[in-house]
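Q: Please take a close look at chain B. I would like to know how its parts are put together, how it meets its partner, and how far the prediction can be trusted there.

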Amino acid sequence: MGAGRVHEQVTVQESSNRSVPAAGSDAGAAAAAPGSGGPSASRASRVLRSSLLRLAGRRLLTAIPVVWGVTFLTFAVLNLLPGDAAQALLGADATPQEVAQLRVELHLNEPFLTRYGHWLGSAVTGHLGSSLGSGQLVTTILAQRLPVTFELIGYAFVISLVIAIPVATVAARRPGGVFDSVTTFITLIGLSIAPYILALLLILLFSVDLALFPALGWTPLSGGLGANLRSLTLPALSLGFPIGCFYTRLLRADVIEQLGEDYVVTAVAKGLPSWRVLVRHAVPNSMFGLITVVALNVGTLLGGTVIVEQIFGLPGVGQELFQAIQTRDFPVLEGIVAVFAVVVVVIGLLADLLYAVLDPRIRYDNPGQ
Amino acid sequence: MLEETGLTGAWPTGLDPATDASGSANQSYLDAIYGNLFELGANGQTIDDLATGYTIAADDKTVTIELRHGVTFSDGTPFNAAAVAFNFKRDLAAPVGDTPKWPVSSITTSGSYDVVIHLTQPYAPLINTFHDANVNWIVSPTALSKMGENAFKLAPVGAGPFTVVSDTVSSELALKKNPRYWAPGEPYLNTLTFKSVASDEAALETMQAGGVQGYEGMQTPQLVSAFSQQFNVLDVPSTSPYVIQLNTAVAPFSNLAAREAVYYATDVPVIDQKLFGNLHPVTEGFTAPNGLFYQQDVPGYRTYNLAKAQAAVKAAGGVTVDLMATQSSVTQTVLEALQTMWQAAGMKVTIHVDQLPSVIQQFESKTWEASLQTAGAFDPAAGLGVNFRFGSASIFSGVHDPALDKIFANATSTLNTSSRQTLYDQAAEYISQNAYAPFLFPVNGWNIAAKDVAGPGLTTLIPASAVRPEILWAQVGFTSK
């Protein structure tokens with residue numbers, strides 16, 4: 001629907017400044033395209049700033065019950081699982097007396113709500129507690145491991161966008177053509193394959209056969225940027241390729257839709273080269289859907305790191321989360337899911353703010369939306 | 001600089017022997033950092049390391065451990081009797097699974113290099129318990145006091161061949177040569193890095209890519225040939241055979257006929273052949289070829305006989321059984337085979353493979369019916385010994401028989417080896433007579449090493465004391481350099 005494309009939580013003010021662009025003029029085409037400025041730009045800018053602030057405030061307030069809900073549900077689910085940290089940590093060869101002793105030491109003998117209350121009370125003051133296993137502060141664990149996971153996710157997004165934007169752009173130019181057909185086939189495979197299968201295939205190809213990338217482990221930035229990126233390339237590709245395929249399909253459809261819009265037809269009719277219309281106008285105006293799913297995919301990618309970090313032996317939060325579930329280490333688990341929840345909320349907020357930057361006509365002035 | 005990278009499991013509670021709840025599974029790391037007092041060498045011989053010997057007094061209740069002279073911890077403090085006695089007392093009070101069950105009355109020192117263990121009764125497996133117990137790894141009391149327990153468990157200090165460079169819990173442990181190590185010229189490696197890996201398949205690919213030079217505890221028989229094409233593969237026989245535990249306290253296995261039906265309905269050689277290509281020696285008792293007191297055949301043992309199984313099911317008035325197992329690389333397929341065989345005998349069988357905490361909870365509930373587990377150890381009375389699965393006092397036992405308890409107790413307190421052998425033979429026969437639990441076979445593991453890497457336990461066989469055999473890391477090195 002072109003100019004009518006909106007994010008689910010924003011409204012679009014119809015622009016009244018569509019004019020026929022001058023022949024061969026980008027400015028003319030831009031003016032006709034959604035997202036262009038107009039005579040009331042100054043007023044719109046003020047409205048935009050205030051609405052953005054309101055949005056940010058509302059979202060940050062919304063984050064509080066979201067994070068609380070996530071941590072409570074996590075705690076409840078963990079409580080429902082058979083066994084507890086004392087059993088999991090001591091293993092099968094511990095005596096019942098040893099398990100009981102550890103249970104008391106870890107306060108696992110206290111009621112569920114009491115334990116959650118203790119954790120929540122500490123968490124709101126910034127103390128996420130200590131690992132039941134290693135005794136490390138959860139904040140220390142997060143500080144040690146989050147950079148690995150964030151770098152992995154960032155790299156995966158870069159890979160996905162590097163795949164999606166050019167491929168979708170070229171494919172959309174001639175729908176049904178050879179390039180479009182081939183990339184459709186490849187992206188469907190990418191959408192079908194599980195990241196852990198892809199990871200093993202990538203190791204087989206790029207580590208075993210071609211010896212281009214390491215199959216296991218992480219090199220910190222202090223070991224050199226090249227070595228750092230080499231150690232993360234296959235894990236990032238395992239995560240990034242499937243979502244890159246998804247983005248390709250999404251963006252291709254949006255670009256094709258944009259190419260049928262009046263402003264594009266007008267721009268072409270006025271003599272702008274078709275590539276220029278595509279790259280400068282149709283593609284940017286197709287980005288809104290992509291921004292939405294990129295924001296939504298942050299949660300998916302965080303979940304994906306649990307498997308991928310295991311396979312590639314990356315010392316990130318996903319690997320720690322896996323261990324924490326196995327050992328029922330609830331302070332670590334709660335700390336990680338709380339951080340994940342905050343990250344997802346903040347990225348969602350940033351995506352909404354980005355809409356307004358890309359399209360000043362978008363306003364966030366209705367709290368109900 | 002030489003570098004060796006091995007692969008093994010998790011250490012969520014750190015690497016202090018008194019608080020490491022995965023101690024016996026983490027023995028590779030602990031051995032590398034702390035060394036051992038005694039090592040389990042080739043052919044099951046106890047060999048000296050930080051201890052140089054032991055004596056047992058005439059009363060059989062006083063054991064003196066003699067320590068190596070002139071050794072220091074890697075922090076430069078002395079390794080002596082006071083330090084070892086401090087560790088013994090601390091470890092014996094530790095609520096972790098690999099704390100030895102010594103009947104100890106006190107621990108004292110005699111001079112600077114003798115530690116004396118005073119027992120309340122003779123305890124035959126005492127020295128063998130060192131091989132899979134926390135008392136074998138001696139921490140520096142000075143470093144522990146200075147750092148505190150929480151910091152120490154993440155950067156432990158011992159007198160072993162390596163010291164800790166960095167420790168990312170359950171992910172990567174980087175070690176370097178201990179310049180104060182007591183053995184001249186050892187360790188051969190300058191650095192040793194352990195990394196966790198997700199699966200045997202991932203380990204194969206990682207080794208093929210050249211990222212690591214060793215893999216400890218491979219468990220997938222189907223991958224042996226793939227590993228063998230490029231690497232040295234050491235077949236490591238387990239000392240703990242699989243056993244089908246039957247809960248004799250509840251129906252249906254409170255009934256002897258139902259237990260007999262399970263014996264007769266289980267075709268162990270076929271399972272070994274079809275699932276494992278006859279890789280494992282079928283056993284009829286709780287010992288295995290690589291452990292002590294091994295006896296393969298037990299007189300009167302009930303072997304597969306479908307007609308007798310069907311008759312026993314009928315005599316029991318029908319048998320409906322729920323069979324569980326702890327998740328591992330082999331248990332699901334073995335359970336499915338058992339289910340098929342038992343159903344052919346007329347039993348109604350449900351099976352489920354569960355995570356360890358769930359299995360423990362089912363044992364605690366005391367309502368479980370049958371369970372596929374492993375039993376025994378290098379020494380049946382040490383570590384996760386036979387009492388764990390057959391003693392009345394253990395919650396993980398399906399048998400509550402004072403007569404059997406007495407045989408085990410006698411075997412534990414009898415120091416004469418041939419007398420112990422006789423007692424364990426009696427115990428195996430008693431279990432068989434009462435159809436308490438049919439045995440299958442010990443499932444082998446494999447240690448993998450790059451072609452130019454060699455060392456005891458990695459490329460030459462050492463018996464598995466507990467979860468897997470020790471690797472003597474001080475003597476592991478590159479053959480090409």
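A: **Chain B, from the inside out**

Between domain 2 of chain B and domain 3 of chain B, one residue pair is in polar contact, with both residues at pLDDT 80 or more. On the side of domain 2 of chain B that touches domain 3 of chain B, seven residues are nonpolar, four are polar and none is charged. In keeping with this, the rule finds zero salt bridges across that interface. The buried area there is about 770 Å², and carbon and sulfur atoms give 57% of it.

All of this rests on a predicted model. For chain B the mean pLDDT is 91, with 96% of its residues at 70 or more. The exception to note is residues 1–8 of chain B, where pLDDT stays under 50; the model has 45 contacts for this stretch beyond four places in sequence. For the complex, the predictor gives an ipTM of 0.75 and a pTM of 0.82.

The division of chain B sets the frame for the rest. Domain 1 covers 13–145, domain 2 takes 149–237 together with 444–478, and domain 3 spans 241–442. Domain 2 is thus written in two segments, with domain 3 lying between them in sequence. The C-alpha centres of domain 2 of chain B and domain 3 of chain B are 32 Å apart. Their contact is made by 11 residues from domain 2 of chain B and nine residues from domain 3 of chain B.

Within domain 1 of chain B, which includes positions 16 and 90, the side chains of Arg90(B) and Asp16(B) form a salt bridge, with N and O 2.5 Å apart. This pair ties together parts of the chain 74 residues apart: Arg90(B) belongs to helix H2 (residues 81–92) of chain B, while Asp16(B) is in the loop between strand E1 (3–8) and helix H1 (27–34) of chain B. Over all chains, the count by this rule is six salt bridges.

Three loops of chain B have backbone features to check by eye. The peptide bond from Glu186(B) to Pro187(B) is cis, with omega near -5 degrees, and Pro187(B) is in the loop between strand E9 (172–177) and E10 of chain B. A cis bond also joins Ala251(B) to Pro252(B), here with omega near 5 degrees. Pro252(B) is placed in the loop between strand E13 (241–246) and helix H8 (256–265) of chain B. Phe293(B) has a phi near 60 degrees, a positive value in a residue other than glycine. The loop that holds Phe293(B) runs between helix H9 (268–276) and helix H10 (306–315) of chain B.

Now the partner. Chain A has a mean pLDDT of 81, and 83% of its residues score at least 70. Its residues 1–38 have pLDDT below 50, and this stretch has 81 contacts in the model beyond near neighbours in sequence.

In the complex, 41 residues of chain B contact 37 residues of chain A. The two chains bury about 3,200 Å² between them, with 59% of that on carbon and sulfur atoms. On the side of chain B, the most area is lost by Pro95(B), Glu205(B) and Pro357(B), which together account for 19% of what that side buries. By their numbers, Pro95(B) falls in domain 1, Glu205(B) in domain 2 and Pro357(B) in domain 3 of chain B.

Between chain B and chain A, four residue pairs are in polar contact, with both residues of each pair at pLDDT 80 or more, and the rule finds zero salt bridges. Strand E8 (162–168), strand E10 (191–196), helix H6 (200–208) and helix H12 (356–365) of chain B each give two or more residues to the side that touches chain A. H12(B) supplies the largest share of that side, six residues. By class, the side of chain B that touches chain A holds 21 nonpolar, 13 polar and seven charged residues.

Note on methods: Residues numbered from 1 in each chain as written. Chains lettered and ligands numbered in written order. Heavy atoms only, no water. pLDDT = per-residue confidence, 0-100. Contact = heavy atoms within 4.5 Å. Domains from an automatic or database assignment. Buried area = accessible area lost by both parts, 1.4 Å probe. Salt bridge = Lys/Arg side-chain N within 4 Å of Asp/Glu carboxyl O. Polar contact = N/O pair within 3.5 Å; in protein donor to acceptor, adjacent residues only side chain to side chain. Nonpolar A, V, L, I, M, F, W, Y, C, P; charged D, E, K, R; others polar. Helix = DSSP H or I, 4+ residues; strand = E, 2+ residues; numbered from the N terminus.
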